[in-house]
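Please read the numbered points below alongside the sequence and the model. They are meant for someone meeting this structure for the first time.

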Amino acid sequence: MRIACQERLLPGETITAKWDFARRYGFDGIELRGQDHHRIRHRLPDLQAAREDHGNVFPTVCVEMDHFIADIDPDRRRNAIDKLATQLEVIGSLERLGAMTPQWLELR
């Protein structure tokens, strides 16, 4: 069995520092953060370089946003779909598995 740690839980300023820590403590990968505002797209060159240096250590991306693709509000739903598409595009560019999308029910 392989186990990955969420990126936000690992110390270090760079993805390489995070990977060194994760590997030292027995993790096989890092689950990337799919932060808001398509930030992961801007990280793609660094992630690709890390992949070249360390191999495919990013099995998934964890969706992080305050709304979901099934939001009742059409604008929020479209926004969530756009962000998820970006995250899938990036993780696909890294030739990895996909996105984890934990969601909680928020009653308004």
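1. Glu 64, with a relative accessibility of 22%, counts as partly exposed, given that buried means under 20% relative accessible area, exposed over 50%, and partly exposed in between (1.4 Å probe, protein chains only). Glu 64 is placed in the loop between E3 and H3, where helices (H or I, at least four residues) and strands (E, at least two) are DSSP runs numbered from the N terminus. From Glu 64 to Glu 7 the C-alpha distance is 12 Å, although 57 residues separate them in sequence.

2. A word on the basis of these remarks: this is a predicted model, in which local features need pLDDT of at least 70 and side-chain atom pairs count only at pLDDT 80 or more, while totals for chains, interfaces and linings use all residues. Residues are numbered from 1 along each chain as its sequence is written, and side-chain values use heavy atoms, with hydrogens and water left out.

3. Glu 7 sits in the loop between E1 and H1, and it counts as buried because its relative accessibility is 6%. Not counting residues up to four places away in sequence, Glu 7 touches Ile 15, Lys 18, Ile 30, Glu 31, Leu 32, Arg 33 and Arg 43, contact being taken as heavy atoms within 4.5 Å. The C-alpha atoms of Glu 7 and Ile 72, by comparison, are separated by 30 Å, with their positions 65 residues apart along the chain.

4. The strands can be followed in order, two strands being paired if DSSP finds at least two bridges between them. Strand E1 (residues 4-6) pairs with E2 in the parallel sense over three bridges, and Gln 6 stands opposite Glu 31 in E2. Between these two strands the chain passes from E1 through H1 to E2 in a right-handed β-α-β crossover; right-handed is meant in the sense that, with the strands pointing away from the viewer, the path from the first strand over the helix to the second runs clockwise. Five of the six residues of E2 are buried, so this strand is largely enclosed by the rest of the structure.

5. E2 also pairs with E3, again in the parallel sense and over three bridges, with Arg 33 opposite Cys 62 in E3. E3 in turn pairs with strand E4 (residues 98-100) in the parallel sense over three bridges, and here Val 61 stands opposite Ala 99 in E4. E3, H3 and E4 together make a right-handed β-α-β unit. Both faces of E3 are covered, as Thr 60 and Cys 62 on one side and Val 61 and Val 63 on the other are all buried.

6. Helix H2 (residues 39-54) has 16 residues, which at 1.5 Å a residue should span 22 Å, and this agrees with the 22 Å between its end C-alpha atoms; the expected span is 1.5 Å times one less than the number of residues. A reader should nevertheless note that H2 bends by about 45 degrees at Pro 45, the bend being the angle between axes fitted to the seven residues ending there and the seven starting there. Gly 55, which follows H2, has a positive phi, near 90 degrees.

7. Which residues of H2 are buried? They are Ile 40, Leu 44, Leu 47, Ala 50 and Arg 51, and the buried residues of this helix pack against helix H1 (15-24), strand E2 (29-34), strand E3 (60-63) and helix H3 (74-93). Ala 50 is buried with a relative accessible area of 4%, and, leaving aside its neighbours within four places in sequence, Ala 50 is in contact with Ile 15, Gly 55 and Phe 58. Ala 50 and Asp 20 are 30 residues apart in sequence, and their C-alpha atoms are 11 Å apart in space.

8. How many disulfides does a search of the whole structure find? The search finds zero, a disulfide being a pair of cysteine sulfur atoms within 2.5 Å. The closest cysteine sulfur to that of Cys 5 is in Cys 62, and because the two are 11 Å apart they are too far for a bond. Cys 5 counts as buried at 9% relative accessibility, and Cys 62 counts as buried at 7%.
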